[in-house]
Structures are given as structure tokens and as C-alpha cells.
Amino acid sequence: MRLRMMVLCGAMCLCGAVANAQMAPAKVAIAPGTAVEPAKALDDLLSLYEEQVVGVAKAMPADKYSFTPSAAAFAVGSPAKFDTVKSFSQQVTHSALANYYFYASVGGGMKPDVDMAALQKMTDDPKVSKEDALKYLTGSLAFAHKAIATLTAANAFNAIKPIDGQNTRASLAAFGVAHGYDHYGQMALYLRMNGIVPPGSK
């Protein structure tokens with residue numbers, strides 16, 4: 001009886017400790033009220049997106065990179081339209097192209113370190129290899145980080161020629177991430193349609 005009570009008390013203490021750990025606020029690295037440089041704040045946002053999108057791009061098997069949904073994926077009689085959607089590889093290469101496009105202006109006219117015409121042509125190919133698509137995606141994200149690093153409190157909110165409705169370098173940097181998450185969502189759905197749980201959902 002005494003042994004049972006000790007085990008019960010130990011289990012209750014353990015549950016309490018776990019609950020307290022889960023309820024404890026996350027450790028704050030920067031004190032509230034501290035001024036944060038635009039480059040730091042926006043780069044953190046980009047890094048979060050980068051972790052998610054590269055994770056799903058790596059998770060899709062190479063032989064599934066040309067995957068697109070088909071009629072078999074939907075219920076009979078479904079009005080779903082799927083015949084013009086991008087393949088998985090096109091989601092990846094389109095995201096890379098967009099990153100170069102947006103962040104060149106975020107960087108004040110930085111020149112992309114790839115052949116943009118060749119990359120544009122690649123986005124039309126639904127069967128680009130996993131290796132090539134990943135190379136362009138990760139390269140575009142490295143370029144985006146360099147562009148964001150040029151932002152300062154003095155230039156982040158100066159007006160620029162509008163791009164997709166964004167008229168400052170800071171808002172365009174944030175929009176680049178928002179656009180990326182649109183395609184991340186589609187890529188994550190493609191993974192699930194192939195029986196793969198997206199890394200960010202595990």
C-alpha cells in the first residue's frame with residue numbers, strides 16, 4: 001500500500017512538473033521595449049519560412065517531384081479544378097524565382113546571382129529534378145538574407161517603385177515571405193496527398 005502511494009505521488013509530481021513546463025512562458029531573448037533593427041526582425045521572419053519550405057522540399061521523394069493532383073484524388077463529381085496547377089517541382093522553382101525577384105528590390109537593386117531567364121524557363125518545366133529545384137530554392141533564400149541585411153532604420157520605409165502593391169523595402173521583404181507561405185501550403189498539401197507528413201507538422 002505504501003509503495004502504491006509513493007508511485008502515485010511520484011506520478012502526480014511528474015505530471016505537475018510537465019504541466020508547469022508547458023505553461024511556462026517562452027524565454028524572451030530581447031527585452032520588451034527594446035528597439036530592434038528592421039534587418040533583424042525581417043530576417044527572423046525569413047528564417048522561420050526558410051525552415052518550413054526547405055523542410056517540405058527535402059521531404060518530397062525525388063521520384064515524386066513531378067507530382068500534380070489528378071482526378072483520382074477527389075471525390076466523384078467534385079468540382080475541383082486541378083488540370084492547370086503547378087507540379088511540386090514547379091512550386092519549388094516558382095518560389096525560388098519569386099524570391100530573387102522580390103529581394104533584388106529589397107536589397108536596393110541587388111543583382112541576382114543566377115541567370116533569371118534560365119530560371120524563368122525552368123519554372124515552365126513540370127519535371128525539374130529535386131536536386132536542381134532545391135539548389136535554386138536554397139540559393140534564392142541565401143540571396144534574400146543578403147538583401148534583408150541591407151535594411152536599416154533609415155532606408156527600410158523609404159518609398160520605392162511599387163512591386164505587387166508593396167512600396168517600401170520592408171513591406172516587400174515581408175510580402176516575399178507571405179507569398180512564399182502560399183506555395184509552402186500547396187507543397188505541404190502535395191506531401192500529404194502522397195502519404196507524407198510535412199516536417200513542420202510532426
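## Aromatic and nonpolar packing

F74, L189 and M193 together make up a nonpolar patch on the surface, with about 240 Å² of accessible area between them. The model in which this patch is found is a predicted one. Within the patch, F74 belongs to the loop between α2 (38–59) and α3, and this residue counts as partly exposed because its relative accessibility is 32%, which falls between the 20% limit for buried residues and the 50% limit for exposed ones.

From the surface the description turns to the interior. The largest nonpolar core has 45 residues, and those that touch the most other members are L46, V53, Y65, V92, Y103, V106 and I148. At least two residues of this core come from each of α2, α3, α4 (116–122), α5 and α6, and the helix that gives the most is α3, with 10 residues. For V53, which is one of the residues that touch the most other core members, the contacts include L137, L141, Y184 and M187 when residues up to four places away in sequence are not counted.

Aromatic rings can be followed through the same model. A search of the whole structure finds eight aromatic pairs, among them the two set out below.

| Pair | Geometry | Centre to centre | Angle between planes |
|---|---|---|---|
| Y100 and F143 | tilted | 5.2 Å | 45° |
| Y181 and Y184 | edge-to-face | 5.9 Å | 90° |

What does the pair of Y100 and F143 tie together? Y100 lies in helix α3 (residues 88–106) whereas F143 lies in helix α5 (residues 130–148), so this pair links parts that are 43 residues apart in sequence. Both Y100 and F143 are buried.

The pair of Y181 and Y184, by contrast, is contained in helix α6 (residues 169–193), where the two residues are three apart, about one turn of the helix. Are these two tyrosines buried or exposed, given relative accessibilities of 29% for Y181 and 13% for Y184? Y181 counts as partly exposed because its 29% lies between the limits of 20% and 50%, whereas Y184 counts as buried because its 13% is under 20%. Y184 is also one of the residues that V53 touches.

A further aromatic grouping is the cluster formed by Y65, F67, F88 and Y190. Of its members, Y65 also appears among the residues that touch the most other members of the largest nonpolar core.

Notes. Residues are numbered from 1 along each chain as its sequence is written. This is a predicted model: local features need pLDDT of at least 70, side-chain atom pairs count only at pLDDT 80 or more; totals for chains, interfaces and linings use all residues. Side-chain values use heavy atoms; hydrogens and water are left out. Rings of Phe, Tyr and Trp (its six-membered ring) pair if their centres lie within 6.5 Å; planes under 30 degrees apart count as stacked, over 60 as edge-to-face and the rest as tilted. Helices (H or I, at least four residues) and strands (E, at least two) are DSSP runs, numbered from the N terminus. Buried means under 20% relative accessible area, exposed over 50%, partly exposed in between (1.4 Å probe, protein chains only). Patches are made of residues with over 30% relative accessible area and no salt bridge: like charges are joined within 9 Å, nonpolar side chains (Val, Leu, Ile, Met, Phe, Trp, Tyr) within 5 Å. Accessible areas come from the Shrake-Rupley method with a 1.4 Å probe; for residues, only the protein chains shown count as cover. A salt bridge is a side-chain nitrogen of Lys or Arg within 4 Å of a carboxyl oxygen of Asp or Glu. A nonpolar core is a set of buried Ala, Val, Leu, Ile, Met, Phe, Trp, Tyr and Cys residues joined through side-chain atoms within 4.5 Å. Contact means heavy atoms within 4.5 Å.
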